[in-house]
Amino acid sequence: MNINVGGADRILRIVVGLVLILLALSGQIGAWGWIGVVPLATGLFRMCPLYSLLGMNTCPVSPK
């Protein structure tokens, strides 16, 4: 697994994921808010499978 999520992209994913999960927990957006687990996980692990499929990389550090 190569790191392909960096900087601002990572922070945005974590924030959006947490907001969606909190809205789901409070009952404001229903069960669809649990989709926030996906951006939260990709932000925390710094690896996005979709980026790998598309050949994208927002991480400034090249993998070894």
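**Close-up views of a three-helix chain**

**Figure 1. Arg 13 and Asp 9 in helix H1****.** Arg 13 and Asp 9 are separated by about one helical turn, because they stand four residues apart in helix H1. The model shown here and in the following views is predicted. Side chains of opposite charge can pair when their charged atoms come close. Arg 13 and Asp 9 form a salt bridge, and their closest N and O atoms are 3.1 Å apart. The count for the structure comes to one salt bridge. Both partners, Arg 13 and Asp 9, are buried.

**Figure 2. The chain as a whole****.** The chain contains three helices and zero strands, and its pattern along the sequence reads α-α-α. Helix H1 covers residues 7-26, helix H2 covers residues 37-45, and helix H3 covers residues 49-54. The C-alpha trace spans about 45 × 20 × 15 Å along its principal axes. The chain has 64 residues, of which 28% count as buried. Its exposed surface amounts to about 4600 Å², with carbon and sulfur atoms supplying 73% of that area. When contacts between residues at least 6 apart in sequence are considered, 64% of them join residues at least 24 apart.

**Figure 3. The buried residues of helix H2****.** Four residues of H2 are highlighted: Pro 39, Leu 40, Thr 42 and Gly 43, which are buried. The buried residues of this helix pack against two others, helix H1 and helix H3. Arg 46 follows H2.

**Figure 4. Arg 46 between H2 and H3****.** Arg 46 is placed in the loop that connects H2 and H3. Its phi is near 60 degrees, a positive value in a residue other than glycine. With a relative accessible area of 25%, Arg 46 is partly exposed. Arg 46 is also one of the residues touched by Asn 4, which is the subject of the next view.

**Figure 5. The surroundings of Asn 4****.** Asn 4 belongs to the segment that precedes H1. Its relative accessibility is 4%, and Asn 4 therefore counts as buried. The side chain of Asn 4 reaches the backbone nitrogen of Cys 48 at 2.8 Å. Leaving aside residues up to four places away in sequence, Asn 4 touches Arg 46, Met 47, Cys 48, Tyr 51, Ser 52, Met 56, Asn 57, Thr 58 and Cys 59.

**Figure 6. Asn 57 and the start of the chain****.** Asn 57 is found in the segment after H3. At 42% relative accessibility, Asn 57 counts as partly exposed. Its side chain reaches the backbone nitrogen of Cys 59 at 2.9 Å. When residues up to four places away in sequence are not counted, Asn 57 touches Ile 3 and Asn 4. The C-alpha atoms of Asn 57 and Asn 2 are separated by 9.6 Å, while the two residues are 55 residues apart along the chain.

**Figure 7. Cys 48 and Cys 59****.** A disulfide is a covalent bond between the sulfur atoms of two cysteines. The structure holds zero disulfides. The sulfur of Cys 48 has its closest cysteine sulfur in Cys 59, at 13 Å, which is too far for a bond; the cut-off for a disulfide is 2.5 Å. Cys 59 is likewise in no disulfide, the nearest cysteine sulfur being that of Cys 48. Cys 48 has a relative accessible area of 7% and is buried. Cys 59, at 11% relative accessibility, also counts as buried. Both cysteines appear among the residues that Asn 4 touches.

**Figure 8. A nonpolar patch on the surface****.** The patch is formed by Leu 22, Leu 25, Trp 34 and Val 37, and together these residues have about 420 Å² of accessible area. Leu 22 has its place in helix H1. The relative accessibility of Leu 22 is 55%, so Leu 22 counts as exposed, the cut-off being over 50%.

How values were computed
Residues numbered from 1 in each chain as written. Predicted model: local features only at pLDDT ≥ 70, side-chain atom pairs only at ≥ 80, totals over all residues. Heavy atoms only, no water. Buried < 20%, exposed > 50% of the residue type's maximum accessible area, 1.4 Å probe, protein only. Contact = heavy atoms within 4.5 Å. Polar contact = N/O pair within 3.5 Å; in protein donor to acceptor, adjacent residues only side chain to side chain. Patch = residues over 30% accessible without salt bridge, like charges linked within 9 Å, V, L, I, M, F, W, Y side chains within 5 Å. Areas by Shrake-Rupley, 256 points an atom, 1.4 Å probe, with all protein chains shown as cover. Salt bridge = Lys/Arg side-chain N within 4 Å of Asp/Glu carboxyl O.
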